[in-house]
Amino acid sequence: MRPFLRDATLEDLPAITALYALEVEGGTATFETTPPGLEEMAQRFAAVKRHGLPWLVAEIDGGFAGYAYASPFRPRPAYRYGVEVSIYIEAGARRRGVGRALLEGLIEHARARGLRHMIGAISDSDTSGASIALHRSLGFRDAGVYRQVGWKFERWLDVTLMQLDLAPEGAPPTGPGLDLTGGLT
């Protein structure tokens, strides 16, 4: 069964916060070391929504399976056509198409918005290879590696950068891009 995608709501924040906390405390998909609380996650959610960017939730059989969002790539105006993607999936929902569905949803939104680039920053080079393989299967290309840039769990971690160019012909933008005057915290 294909995961059901929908826009995240404030009611999803407890499940989102709990999943993110698990990754902070036991995973390497984020370099945060202290899990943010519900109030902080609500502020992050609001910041993404202020930019008109997607924050999606995936469900399997009516249950929360994961979430993904796009945020501005960098705060300077020249970067207003690029977003960075973030995806988090419940352990029991992995390898069930959740990541693919979420990433496809983010790509669809970015195309509709007239954005140019999507960036994935995959922490620890995803030792299982699943995240890198997923991004490659949807057209992301390797853009570089920050080697041993993060210290977590008493070891150095890499970050693999991947990029999807939504307008590879290099044509000028057709819209204004993101309004970065408010920026993200």
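Reader: Among contacts in the chain between residues at least 6 apart in sequence, what percentage join residues at least 24 apart?

Author: A contact here means heavy atoms within 4.5 Å. By that rule, 65% of the contacts between residues at least 6 apart join residues at least 24 apart. Before we go on, this is a predicted model, where local features need pLDDT of at least 70 and side-chain atom pairs count only at pLDDT 80 or more, while totals for chains, interfaces and linings use all residues. Residues are numbered from 1 along each chain as its sequence is written, and side-chain values use heavy atoms, with hydrogens and water left out.

Reader: Which elements does the chain have, and in what order do they run?

Author: Helices (H or I, at least four residues) and strands (E, at least two) are DSSP runs, numbered from the N terminus. The chain has four helices and seven strands, and from the N terminus the order is β-α-α-β-β-β-α-β-α-β-β.

Reader: How do the strands form a sheet, and in what order?

Author: Strands of a sheet pair through backbone hydrogen bonds, either parallel or antiparallel. For our purposes, two strands pair if DSSP finds at least two bridges between them. Here seven strands make an open sheet with mixed pairing, in the order β1-β2-β3-β4-β5-β7-β6. β1 and β6 (141–152) are at the edges with a single partner strand each, so one side of each has no neighbour in the sheet. On average, neighbouring strands are turned by 25 degrees against each other, direction ignored; axes are lines fitted to C-alpha atoms, for helices over the stretch in contact, and angles run from 0 to 180 degrees between N-to-C directions.

Reader: Which strands does β2 pair with? I would like to start with β1.

Author: β1 (residues 4–7) runs antiparallel to β2, and four bridges join them. In that pairing, D7 has L56 as its bridge partner. β2 also pairs with β3 (residues 63–72), again in the antiparallel sense, over six bridges, and I60 stands opposite G63 there. The hairpin of β2 and β3 has two residues between the strands, and D61 in this hairpin takes a positive phi near 50 degrees.

Reader: Are the residues of β2 buried or exposed?

Author: Buried means under 20% relative accessible area, exposed over 50%, and partly exposed in between (1.4 Å probe, protein chains only). Six of the six residues of β2 (residues 55–60) are buried, so the rest of the structure largely encloses this strand. Both faces are covered, with W55, V57 and E59 on one side and L56, A58 and I60 on the other. In the chain as a whole, 44% of the 185 residues count as buried.

Reader: What does W55 touch?

Author: Not counting residues up to four places away in sequence, W55 touches several residues, including I16, F45, V48, Y67 and Y69. Let me place that in a wider setting. In soluble globular proteins, nonpolar side chains tend to be buried together. A nonpolar core is a set of buried Ala, Val, Leu, Ile, Met, Phe, Trp, Tyr and Cys residues joined through side-chain atoms within 4.5 Å. The largest such core has 43 residues, and I16, W55, Y67, V98, I107 and M118 have the most contacts inside it. Helix α3 (residues 98–112) gives this core its largest share, six residues.

Reader: Which strands does helix α1 lie across?

Author: Helix α1 (residues 13–26) lies across β2, β3, β4 (82–89) and β6, and runs at about 80 degrees to β3.

Reader: Which residues outside the hairpin have a positive phi, for instance in strand β6?

Author: Most residues other than glycine have a negative phi, and most peptide bonds are trans. Q148 lies in β6 and has a positive phi near 50 degrees. Q148 is exposed at 51% relative accessible area. R95, in the loop between β4 and α3, has a phi near 65 degrees and is exposed at 72%.

Reader: What is V149 in contact with?

Author: V149 is also found in strand β6 and is partly exposed, at 46% relative accessible area. Leaving aside neighbours within four places in sequence, V149 is in contact with F31, W156, L157 and V159. V149 and F31 are 118 residues apart along the chain, yet their C-alpha atoms are separated by 9.9 Å.
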